[in-house]
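Subject: Structure handover

Hello,

Here is the structure we spoke about. Please look it over first; my notes on what was found follow below.

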Amino acid sequence: MQDNAYLILENGTVFAGKSFGYAGETTGEVVFTTAMTGYLETLTDPSYYGQIVTQTFPLIGNYGVIPSDFESKKPYLKAYIVRQWCQHPSNFRCEGLLDTFLKEHKIVGLCGIDTRALTKIVREHGVMNARVAAGPAVTDELLQELKDYRVVNAVESVTCEEEYTYTPKETKRRVVLWDFGAKENIARELVKRGCEVIRVPAHTGAARILELAPDGLMLSNGPGDPAENKSIVEELKQILTHKIPTFGICLGHQLLALSQGARTEKLKYGHRGANQPAVDTQTGRVYITSQNHGYAVVSDSLPENARESYKNGNDGTCEGVAYTDMPAFSVQFHPEAAAGPLDTAFLFDEFMAMMDKEGK
């Protein structure tokens with residue numbers, strides 16, 4: 001027998017549903033993802049730190065839990081909202097149940113609500129805070145608490161604790177993966193291409209990264225407001241003067257732009273899902289990409305040494321930057337996307353070519 005549970009938005013709207021996963025109450029920032037597959041990758045993506053994630057696809061849990069598909073060791077989101085939770089998964093790789101997984105990691109689940117209506121509210125009014133609660137009561141104190149909630153210390157909360165290395169069968173290059181909340185598939189894509197990957201915590205300084213003598217530097221994805229990471233931006237500025245080939249993804253893209261004097265801004269409701277169009281500004285070609293971000297680089301703030309390489313096909317926001325005075329480029333979307341699409345996986349090959357060119 002499932003208990004009643006409620007989602008209370010900071011504008012006072014209340015959705016009634018049923019509890020699953022961990023039984024409890026929690027507050028977070030409500031966001032939605034339009035991905036039709038890959039719910040395990042969504043659950044374990046560190047970029048969702050501090051957020052209540054809503055799946056717009058109605059049926060979730062139908063292939064159970066598959067640990068080899070995880071993007072991190074554990075989930076970092078605050079709560080998980082679905083229309084229909086599948087209690088009887090069917091997949092030859094299944095190793096567990098979604099309900100059990102959420103309970104083990106103390107993630108509150110809410111099902112049975114109208115996720116389409118919730119998504120329309122977020123699209124219309126923008127991202128807002130909410131509380132998953134046992135009762136529907138809306139008080140002035142609760143609404144004030146919701147308005148005051150902020151996602152803080154995001155990167156520090158999801159980065160690795162110490163350095164560790166991924167070693168391929170045949171090493172061709174060495175890449176430092178600066179971990180701001182890195183998805184595991186970034187390392188997989190690098191290793192697949194013969195890169196020894198040294199993953200370092202977010203607080204790692206420029207001196208240590210240079211000491212590792214990398215052929216390339218990978219700036220990972222991650223959660224939170226990019227502008228809050230002032231110390232990382234300062235360390236990155238120092239590293240870039242050494243002309244090390246650099247590739248930034250998502251938060252890494254934003255931090256790279258900030259290091260060159262650009263600005264970032266919070267989007268109304270962000271881009272989250274596996275069907276976001278990214279347009280190549282030189283060729284006009286459209287790529288279908290996986291994205292998960294609530295902030296974007298302000299195109300008009302890009303410095304003279306930067307060229308906008310991709311833009312979002314829906315709202316025209318900046319989706320990529322190429323730099324003209326150093327071997328560096330970045331994208332807002334995820335070329336390593338798991339569970340897909342992999343239309344832009346070629347960007348890793350471009351990174352390999354950049355390292356090989358600079359290494360000669």
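At 13% relative accessibility, Asp99 counts as buried, where buried means under 20% relative accessible area, exposed over 50% and partly exposed in between, with a 1.4 Å probe and protein chains only. Its salt-bridge partner is Lys103, with 3.1 Å from N to O between the side chains; a salt bridge here is a side-chain nitrogen of Lys or Arg within 4 Å of a carboxyl oxygen of Asp or Glu. Lys103, at 45% relative accessibility, counts as partly exposed. Both Asp99 and Lys103 lie in helix α2, four residues apart, about one turn of the helix. An α-helix has 3.6 residues a turn, so residues three or four places apart point the same way.

Some notes on the source. The model is predicted: local features need pLDDT of at least 70 and side-chain atom pairs count only at pLDDT 80 or more, while totals for chains, interfaces and linings use all residues. Residues are numbered from 1 along each chain as its sequence is written, and side-chain values use heavy atoms, with hydrogens and water left out.

Overall figures

The protein chain has ten helices and 19 strands; these are DSSP runs numbered from the N terminus, helices being H or I over at least four residues and strands E over at least two. The radius of gyration of the protein chain is 20 Å, close to the 21 Å that the globule rule gives for 360 residues, so the chain is as compact as a globular protein of that length. That radius is taken over C-alpha atoms, and the globule rule is 2.2 Å times the number of residues to the power 0.38. The C-alpha trace spans about 65 × 45 × 40 Å along its principal axes.

Of the 360 residues, 59% are buried. The exposed area of the protein chain is about 15400 Å², with carbon and sulfur atoms supplying 47% of it; areas come from the Shrake-Rupley method with a 1.4 Å probe, and for residues only the protein chains shown count as cover. Among contacts with a separation of 6 or more, 73% are between residues 24 or more positions apart, a contact being heavy atoms within 4.5 Å.

The barrel

Seven strands close into a barrel with mixed pairing, in the order β1-β2-β8-β6-β4-β3-β9; two strands pair if DSSP finds at least two bridges between them. From one strand to the next, the twist averages 35°. Angles run from 0 to 180 degrees between N-to-C directions, and axes are lines fitted to C-alpha atoms, for helices over the stretch in contact.

Within the barrel, β6 (residues 79-82) and β8 (residues 108-111) pair in the parallel sense over four bridges. Val82 has Cys111 in β8 as its bridge partner. Helix α3 (residues 115-125) packs on the sheet and touches β1, β2, β3, β4, β6 and β9, its direction making about 90° with that of β3. Helix α4 (residues 140-148) also packs on the sheet, where it touches β1, β3 and β9, and its direction makes about 130° with that of β9.

Helix α6 and Arg193

In helix α6 (residues 184-192), the buried residues include Ile186, Ala187 and Leu190. The buried residues of α6 pack against β10, β11, β12, β13, β14 and α10. After α6 comes Gly194, with a positive phi near 80°.

Arg193 sits in the loop between α6 and β12 and is buried, with a relative accessible area of 15%. Neighbours within four places in sequence aside, Arg193 is in contact with Lys172, Arg173, Ala345, Phe348, Asp349 and Met352. With Asp349, the contact is a salt bridge of 2.8 Å, N to O. This pair links distant parts of the chain, 156 residues apart, with Asp349 in helix α10. Salt bridges that share partners join Glu189, Lys192, Arg193 and Asp349 into one network. Asp349 counts as partly exposed at 40% relative accessibility.

Other salt bridges

The whole structure holds 16 salt bridges. One of them is between Asp69 and Arg93, at 2.9 Å from N to O. Asp69 lies in the loop between β5 and β6 and Arg93 in the loop between β7 and α2, so the pair ties together parts that are 24 residues apart in sequence. Asp69 counts as buried at 18% relative accessibility, whereas Arg93 is partly exposed at 33%.

Regards
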